[in-house]
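User: Please take one part of this model and examine it closely, residue by residue, and then set it against the rest of the chain. I would like one connected account, with the cut-offs behind each term.

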Amino acid sequence: RMVRRGEMRLHRLCELTGDAIFDKSYARQSVVIGQRPGGNGQGQRFQLVQPLSGDDLYALTDLDLGSRQLERFKWQQSNSWARAALVANFVEYEALEVNKWGVFKCISRIKAEEEIWNKVVDEIFEIDSIVKREKELRHLSRFVKDVFGMKVVVGDEEQARRVQKHLEELEFSDDDLLSKGVPVLEETKRVKVVEVKDY
């Protein structure tokens, strides 16, 4: 249930951000990366994109969204039918018009269940502190322990810095929050940037 609540909060944040950046003019779609069956796990990868309603977004987990799309595809191998493997899935909020921020789309990203459990085990057994102490492994300690994330895709570095500043200063109105089912609180009115990755 905790992961499901996190997914719902992430999608609400993406919708609020989409409304603010795209002036409410965006398309929401489920994107699935699948892999055809192949020898030694080397099957060809493919991408499926499907429009996504708000009802489906909040009724299904991200894993269910991806699995549901893949269930429709099977490949014949010898005398049997094989299903594709789910590699990744996410929800895109894509601009329908050019916007002043130069944002093409926002993408919600949720770690796979296996990755979440790896992080839980890491925390319980303090593996990260071992990695930090061990000189040969210290360079690995920089990896972020994030589970939910949102990517904002722009055309260039200047646009990235402008939209980052805008997001840091953005304040959601009471009406905007209530329209997405978000309680009106001081901590829900603004985006709190936890970390910035500057590649």
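**A loop residue and its surroundings**

Analyst: At a relative accessibility of 65%, D23 counts as exposed, where exposed means over 50% relative accessible area, buried under 20% and partly exposed in between, computed with a 1.4 Å probe on protein chains only. The model is a predicted one, in which local features need pLDDT of at least 70 and side-chain atom pairs count only at pLDDT 80 or more, while totals for chains, interfaces and linings use all residues. Residues are numbered from 1 along each chain as its sequence is written, and side-chain values use heavy atoms, with hydrogens and water left out.

D23 sits in the loop between α1 (2-21) and β1 (26-35), helices (H or I, at least four residues) and strands (E, at least two) being DSSP runs numbered from the N terminus. K24 belongs to the loop between α1 and β1 as well, and with a relative accessibility of 56% K24 is also classed as exposed. The backbone of this loop deserves attention: phi of D23 is near 50 degrees, a positive value in a residue other than glycine, and phi of K24, near 65 degrees, is likewise positive in a residue other than glycine. Although D23 and K100 are 77 residues apart along the chain, their C-alpha atoms are separated by 9.9 Å.

The helix that leads into this loop offers a contrast. T17, which lies in helix α1, has a relative accessibility of 0% and so counts as buried. Apart from neighbours within four places in sequence, T17 is in contact (heavy atoms within 4.5 Å) with F22, C106, M150, L167 and F172. Another group of α1 residues meets the segment after α7 (174-179), where K180 is placed: leaving aside its neighbours within four places in sequence, K180 is in contact with R12, E15, L16 and D19. With a relative accessible area of 19%, K180 is buried.

Both elements that flank the loop reappear around helix α3 (residues 62-70), whose buried residues are D62, L65, G66, Q69 and L70. These residues lie on the same side of α3, because they cover an arc of only 125 degrees around the axis, the arc being that of the directions from the helix axis to the C-beta atoms. An α-helix has 3.6 residues a turn, so residues three or four places apart point the same way. The cover over the buried residues of α3 includes α1 and β1, together with β2 (45-51), α2 (54-59), β5 (85-95) and β6 (103-110).

Beyond α3, F73 is found in the loop between α3 and β3 (74-77) and, with 33% relative accessibility, counts as partly exposed. Its C-alpha atom is 6.9 Å from that of A84, which is 11 residues away in sequence. A84 is also one of the contacts of F73 outside the four nearest places in sequence, the others being L48, A82 and R83.

Helix α3 also takes part in the lining of an enclosed space. A cavity is a set of points on a 1 Å grid over the protein atoms alone where a 1.4 Å probe fits but cannot get out, and lining residues have an atom within 4 Å of a point; by this rule there is one cavity of 30 Å³ or more. The largest cavity has a volume of about 30 Å³, the volume being the space filled by probe spheres set on the points, which are joined across faces, edges and corners. Its lining consists of S30, Q50, P51, L52, L65, R68 and Q69, with at least two residues supplied by each of β2 and α3. The greatest share, three residues, comes from α3.

At the level of the whole protein, there are seven helices and seven strands, which run α-β-β-α-α-β-β-β-β-α-α-β-α-α from the N terminus on. Of its 199 residues, 36% count as buried. Among the contacts with a separation of 6 or more, 62% are between residues 24 or more positions apart.

Notes: On a 1 Å grid over the protein atoms alone, a cavity is a set of points where a 1.4 Å probe fits but cannot get out, and a pocket is an open set with protein on both sides within 12 Å along at least five of seven lines; lining residues have an atom within 4 Å of a point.
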